[in-house]
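The exercises below are meant to be worked through with the sequence and the structure side by side. Try each task before reading the solution that follows.

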Amino acid sequence: MKDIFFCPEESNFYSNCLETFVFRNCQNSESIVEFGSGDGSPIINSLLKNKFDAVVHGFELNTSAWKVANSTIDEYNLADKYIISNACLFNSSKPEAEYLVANPPYIPAPDSDIYMPLLFGGIDGATITNKLLSLDYKNVFVLLSSFSNPLSTLKKAQENNYFVQNFMVLPLKFGYYSSEPKVKNYIERLRKNKMAFYSGDYYFLAGVLFRKFSESAINLSNELAQVMMSL
Ligand SMILES: C[S@@+](CC[C@H](N)C(=O)[O-])C[C@H]1O[C@@H](n2cnc3c(N)ncnc32)[C@H](O)[C@@H]1O
């Protein structure tokens with residue numbers, strides 16, 4: 001189990017945001033693609049609490065996590081609602097879906113030699129998140145960390161015609177993965193270049209719903225940028 005992502009506070013926040021921003025708005029078995037399902041608990045918990053029509057297609061590279069997720073899915077008879085491939089979304093043919101959702105790998109570091117290499121988010125932590133905003137899904141829901149160059153993600157979203165439809169913010173204490181000395185020291189360096197924002201032991205994690213621009217869009221991008229830089 002040691003090699004499976006474990007941070008209940010973060011996973012629960014992801015699960016609550018998904019219910020509020022994604023599942024509640026899903027109509028008539030709209031499908032959802034998930035990048036990085038982990039042990040599957042956030043989606044499974046949401047599916048158990050609510051009766052949603054949506055079908056979720058997850059992608060998880062870590063085989064141990066994928067196995068745990070599948071056995072829980074079987075245990076709760078959710079096999080027709082949550083299907084996970086042991087593969088990388090970027091290297092697979094992309095399923096059609098209304099929503100792409102993820103609590104993506106966002107740990108910034110000089111290289112991927114960290115406690116859990118699959119949590120490496122590129123040198124500024126935003127690489128995978130920004131890539132998810134380049135796959136052309138109509139709605140993208142992601143968790144965004146204030147120490148992972150959040151302004152680059154807002155810029156990438158704008159370049160790719162997304163506006164911020166809604167967001168929710170959680171102050172979070174640096175955890176096991178972000179407190180690794182190699183990572184923490186590196187985040188301190190990013191802060192000097194305005195690529196990381198935090199205060200003491202706390203950073204902000206935002207659940208953000210991006211949507212492709214429409215005429216009536218009210219864009220909360222500036223409001224979110226102000227919150228992320230306020231630490
Ligand atoms: C921050 S964890 C989130 C796990 C779970 N969604 C949660 O919130 O508890 C990110 C997950 O993405 C997975 N991952 C990393 N790179 C991936 C890739 N290229 N394709 C699929 N999954 C990937 C990791 O193994 C990890 O389980």
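**Exercise 1.** Which residue in β7 is the bridge partner of L172?

*Solution.* Keep in mind first that this is a predicted model. Begin with the two strands concerned, β6 and β7, which run antiparallel and are joined by eleven bridges. Then look in β7 for the residue bridged to L172, and you arrive at Y203.

**Exercise 2.** Describe the sheet and find its edge strands.

*Solution.* Follow the strands in the order β3-β2-β1-β4-β5-β7-β6, which gives an open sheet of seven strands with mixed pairing. The edge strands are β3 (82-85) and β6, since each of them pairs on one side only. On average, and with direction ignored, neighbouring strands of this sheet are turned by 20° against each other.

**Exercise 3.** Work out why the buried residues of α5 line one face of the helix.

*Solution.* List the buried residues of helix α5 (residues 150-159), which are P150, T153, L154 and A157. Looking down the axis of α5, these buried residues fall within an arc of 100°, and therefore they line one face of the helix. Next, ask what covers them: the cover includes α4 (127-132), β5 (139-145), β6 (162-173), β7 (202-212) and α7 (221-228).

**Exercise 4.** Decide whether M229 is buried or partly exposed.

*Solution.* Locate M229 in the segment after α7. Because M229 has 13 C-beta neighbours inside 10 Å, it counts as partly exposed, whereas a buried residue would need 20 or more. Finally, compare positions: M229 and P150 are 79 residues apart along the chain, and their C-alpha atoms are separated by 8.9 Å.

Methods
Residues are numbered from 1 along each chain as its sequence is written. This is a predicted model: local features need pLDDT of at least 70, side-chain atom pairs count only at pLDDT 80 or more; totals for chains, interfaces and linings use all residues. A residue is buried if 20 or more other C-beta atoms lie within 10 Å of its own, exposed if 12 or fewer, and partly exposed in between; C-beta atoms are placed from the backbone. Helices (H or I, at least four residues) and strands (E, at least two) are DSSP runs, numbered from the N terminus. The arc is that of the directions from the helix axis to the C-beta atoms. Two residues are in contact if their C-beta atoms, placed from the backbone, lie within 7 Å. Two strands pair if DSSP finds at least two bridges between them. Axes are lines fitted to C-alpha atoms, for helices over the stretch in contact, and angles run from 0 to 180 degrees between N-to-C directions.
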